[in-house]
Amino acid sequence: MEMPLLRGDSYHPLDEYTGSTFFSRVQFANFDKCLARPFGSIGLWVDGCQFGAANYHIWSRSVLKGASRDAMHAGCLFVSRCLMDYFDKAMLYLDSQGIDGGQIVFENNIFESGSGFVVYIRNFHSSGGVPGMLFRSNWNENTGHATNLVIEGKEHRKARFLFAVNATSAIRCRRHAARALRIGCQRIADR
């Protein structure tokens, strides 16, 4: 399923404003990208869904201002109580360049048996000093073990939980408040 595009693969005026989209108890499998947001999006809520075999479970890219469109960040995203397994490249791919990003929250999910990256960030800058990304109370098992992986022309010797390039946002991974991890990074990459 390509989203938010409902009329084909090319841009249509105001596609970037397709927002406040809710998915609840939906199963996605056997897609290249289960949920794709190629022109950004205001907001996406995903609750109690199951994601199966795919290259990417959630793929989101911002769009820069053009002659016929406004700029839009890669979107606010709220994912809870989902099972996300068998992702080959990345469970979450995010590229929000040239514009402040939205809020990304993953809470009470299960990530397992995905050979690719759990989180792959090419660009992300949060707005107003608010932590742009929060992972809380998620289970992660048997992920990030692919080798010689190519994502959008970039080669990676080995996948892992997080890959981030040009991310100046606060990223928090936590089980509970006492174990919060804050990363403000220019580059976390393969060494």
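**Strands, cores and a few odd residues**

Arg81 sits in the loop that links S7 to strand S8 (83-85). In this predicted model, Arg81 has a positive phi of about 55 degrees, although it is not a glycine. With a relative accessibility of 56%, Arg81 counts as exposed. Another non-glycine residue with a positive phi is Asn148, at about 50 degrees. Asn148, though, belongs to a strand, S15 (residues 147-151). Asn148 is exposed too, at 66% relative accessibility.

Just before the Arg81 loop comes S7 itself. In a regular strand, side chains alternate between the two faces of the sheet. Strand S7 (residues 76-80) shows this pattern: Leu77 and Val79 point to one face and are buried, whereas Cys76, Phe78 and Ser80 point to the other face and are not buried. S7 has a parallel partner in strand S4 (residues 43-47), joined to S7 by 5 bridges. It also runs parallel to strand S10 (residues 104-107), with 4 bridges between S7 and S10. Phe78 takes part in both pairings: Phe78 is the bridge partner of Trp45, and Phe78 stands opposite Val105 in S10.

A separate set of lines concerns an open sheet of 5 strands, in the order S2-S5-S8-S11-S14, with parallel pairing. Its edges are strand S2 (27-28) and strand S14 (139-141), each of which pairs on one side only. At the S14 end, strand S11 (residues 110-112) pairs with S14 in the parallel sense over 3 bridges. Within that pairing, Ile110 stands opposite Trp139.Now for the interior. The largest nonpolar core holds 31 residues, and Phe51, Ile58, Met84, Met91 and Phe106 are the ones that touch the most other members. Strand S9 (residues 87-95) gives the most to this core, with 4 residues. Apart from this core lies another one of 12 residues, including Tyr93, Ile151, Ala159 and Phe163. Back in the largest core, Phe51 has a mixed set of contacts once neighbours within four places in sequence are left aside: Phe28, Cys34, Leu35, Val46, His57, Ile58, Cys82, Leu83, Met84 and Asp85.

One of those contacts, His57, deserves its own look. His57 is placed in strand S6 (residues 54-61), and at 0% relative accessibility His57 counts as buried. Its side chain reaches the backbone oxygen of Gly52 at 2.9 Å. Leaving aside neighbours within four places in sequence, His57 is in contact with Cys34, Leu35, Phe51, Gly52, Met84, Asp85, Tyr86, Phe87, Ala90 and Met91.

Finally, the cysteines. The count of disulfides comes to 0. For Cys82, the closest cysteine sulfur is in Cys49, and the 4.8 Å between the two sulfurs is too far for a bond. Cys82 is buried, with a relative accessibility of 3%. Cys34 is buried as well, and its relative accessible area is 0%.

Note on methods
Residues numbered from 1 in each chain as written. Predicted model: local features only at pLDDT ≥ 70, side-chain atom pairs only at ≥ 80, totals over all residues. Heavy atoms only, no water. Buried < 20%, exposed > 50% of the residue type's maximum accessible area, 1.4 Å probe, protein only. Helix = DSSP H or I, 4+ residues; strand = E, 2+ residues; numbered from the N terminus. Pairing = 2+ DSSP bridges. Disulfide = S-S within 2.5 Å. Polar contact = N/O pair within 3.5 Å; in protein donor to acceptor, adjacent residues only side chain to side chain. Contact = heavy atoms within 4.5 Å. Core = buried A, V, L, I, M, F, W, Y, C linked by side-chain atoms within 4.5 Å.
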